[in-house]
Amino acid sequence: MVFNNVIENLNLRIARSFIGRHFRLEGSGVLDQKFSIEIRAGLATFFAMAYIIAVNSSIVSDSGGTCVCDPVDPTDAICAVDPAYLECVSVVKRDIVTATCAIACIACVSLGFLANLPLGIAPGMGLNAYFTYQVVGYHGTGNVSYRQALAAVFVEGLLFVALSILGIRQWLARAIPASIKLAAGAGIGLYLTIIGLAPGAGLGVIGPDSATIVGLGGCPAEYQDETGACLSHKLQSPTMWIGIFLGGVVTAILLMYKVKGAILIGIGIVSITSWPRNSIITQFPHTDAGDANFDFFKKVVTFHKLEKTAAVQDWDFSSGHLWLALITFLYVDIMDTTGTLYSMAKFAGFVDPRTQDFEGSATAYLVDASCISIGSLMGLPPVTAFIESGAGISEGGKTGITAIVIGFGFFISIFFAPIFASIPTWATGSTLVIVGSMMIKSAAFINWDYPGDAIPAFLTIALMPFTYSIAYGLIAGICSYILLNGFTWIVGFISGGRIQPPELDKKEHWTWKLEGGILPPWVQRLSKGDTRFWRTEYVESTYGPGQTVVELPTTRDSADNSLELTSQKKGISTARTSEIGVGEVSEGRMSQSNDFAAPMAGMGMQMDNEVTGEQYRDTQARR
């Protein structure tokens, strides 16, 4: 009781301060939200996404970083067992640990304070794998060097800043067909699963096979040929089984019981089991690289400065491969980072169903884009909003305080680099598979009833893991969508609508002409001379007993402010759509039909048929 009173007093004091007014906390007269809930939500998201520190360092260091492969053994062309090279790679891994924590801290704090959104940002899963294995290649075997790839990421971030200011990035996120957006998430999930099962950054359950392209793996290193294929003793690697049971099964059980930080707990159990040196599953074998790694591990708490990855870009743009990498990163990130940030904002309930945009989107995209360039200066692939942000949102996170707490957690983690740098790949392999299973859920909401939507979505999903490339999957999905649906449109146009597919009515509606226009709301307000263009004002109006609603300012003239047509399309039940706007609140509740709830659920939102008037006003005020 005393503790609860202390918490309530703290909530009230903070709400009445500058912090409360800036973040719109309960007691500040703007939003009904408590500071203590934001702290809890931030911790939940941090523990849900803290695994990225270990996983990202493990994946990106596989590129070799700035290390130069000069093999002593002519049969070891990629320096897979070269002691000097592996010791250099271990330093790169430590650098990536520090860099990952630093950029996540900067990004989360910036997003929280400037955009007031409860989302976590860090180097993205899928993007880091694409950067390492598709662009740079394992130990630098790709067509683009690590230094050139970082230069491409830096320039891409600047281009993203320009696209965000102009609103093009937001428009693309809204205009891409829903089935392709949903399929991209599912395809990336399968892509991560392949990485988690393969050797290198995963468990090694699968591996190369000369007869079937891919086959069972899991054999100790002494039973592998020069390609990594198992000659015998398949599925007999002790590290693989430790990763499967302690990392995979245990984590899955914890997730079933909704234990907070389940993924981090699974990684921790496998790591602690692998740290003793005199065992067959040790992370620190008695080699030169193992000895160096163990010496660093014994420091436990220290600050590791960036030695090999800070500002190492190669600015020679004469290479055609560099331009190819730049273009590839650009369109992959347009789909991935933009889509993830947009999807999490929609999951949090911040997206306006009419304009398909959310207030603060321009600032959020600017922060995200800026941190892409900043992260590249630290040696990192692009950053993105994390789907694990849903953990904090589910805990009640509504404001940027949640994001700032996440950033503070990553700041503390910087000083525990020796621990995070010593997490073995078999500890994170199962994590990638589990994250993949979470991302594949979006496939359930794809429109499988119409081939024009289903086939492009399926190609997107299938080609990402099969080609080991996010980019190729997106190209296949978008091109096939344009080809199939463009053909039916042309035939229908020429025939005057007489020749149409029999099930055309099942096709998802798509148009590039979205309500709200291309320019972000703040630019539209500025163009109209609004001196407070960076803020969203709102007022409450009363239309009779129990009919208090929130009216948001719009970028359209009042004469065009009727939402009657939109309401009819979305199926919103309202008595006066032309007057009230988005919906009528009657006796404290707003009625919505299932037709309106369905598309929201399709983007990952679970909506009841009735939403309380208080919840509705909170959401509108938050936007």
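Buried means a relative accessible area under 20%, exposed means over 50%, and partly exposed lies in between, with a 1.4 Å probe and protein chains only. This is a predicted model, in which local features need pLDDT of at least 70 and side-chain atom pairs count only at pLDDT 80 or more, while totals for chains, interfaces and linings use all residues. Residues are numbered from 1 along each chain as its sequence is written, and side-chain values use heavy atoms, with hydrogens and water left out.

**Exercise 1.** Determine how many disulfides there are, and give their pairing in sequence order.

*Solution.* Begin with the criterion, by which a disulfide is a pair of cysteine sulfur atoms within 2.5 Å. Applying this rule gives three disulfides. When the bonded cysteines are numbered in sequence order, the pairing reads 1-4, 2-3, 5-6.

**Exercise 2.** For the disulfide of Cys67 and Cys88, find the handedness and the parts that it ties together.

*Solution.* The sulfur atoms of Cys67 and Cys88 are 1.9 Å apart. The torsion about their S-S bond is about -90 degrees, so this disulfide is left-handed. Helices (H or I, at least four residues) and strands (E, at least two) are DSSP runs, numbered from the N terminus. Cys67 lies in the loop between α4 (51-61) and α5 (83-115), whereas Cys88 lies in helix α5, so the pair ties together parts that are 21 residues apart in sequence. Cys67 is buried at a relative accessible area of 10%, and Cys88 is buried at 17%.

**Exercise 3.** Carry out the analysis for Cys69 and Cys79, stating whether each is buried or partly exposed.

*Solution.* The sulfur atoms of Cys69 and Cys79 are 1.9 Å apart, which satisfies the disulfide criterion. A torsion of about 95 degrees about the S-S bond makes this disulfide right-handed. Both Cys69 and Cys79 lie in the loop between α4 and α5, so the pair ties together parts that are ten residues apart in sequence. Cys69 is partly exposed, with 26% relative accessibility, while Cys79 is buried at 0%.

**Exercise 4.** Explain why the sulfur of Cys101 is not bonded to that of Cys105, and describe the surroundings of Cys105.

*Solution.* The closest cysteine sulfur to that of Cys101 belongs to Cys105 and is 9.1 Å away, which is too far for a bond. Cys101 counts as buried, its relative accessibility being 0%. Cys105 is likewise in no disulfide, since the nearest cysteine sulfur, that of Cys108, is 7.7 Å away. With 15% relative accessibility, Cys105 also counts as buried.
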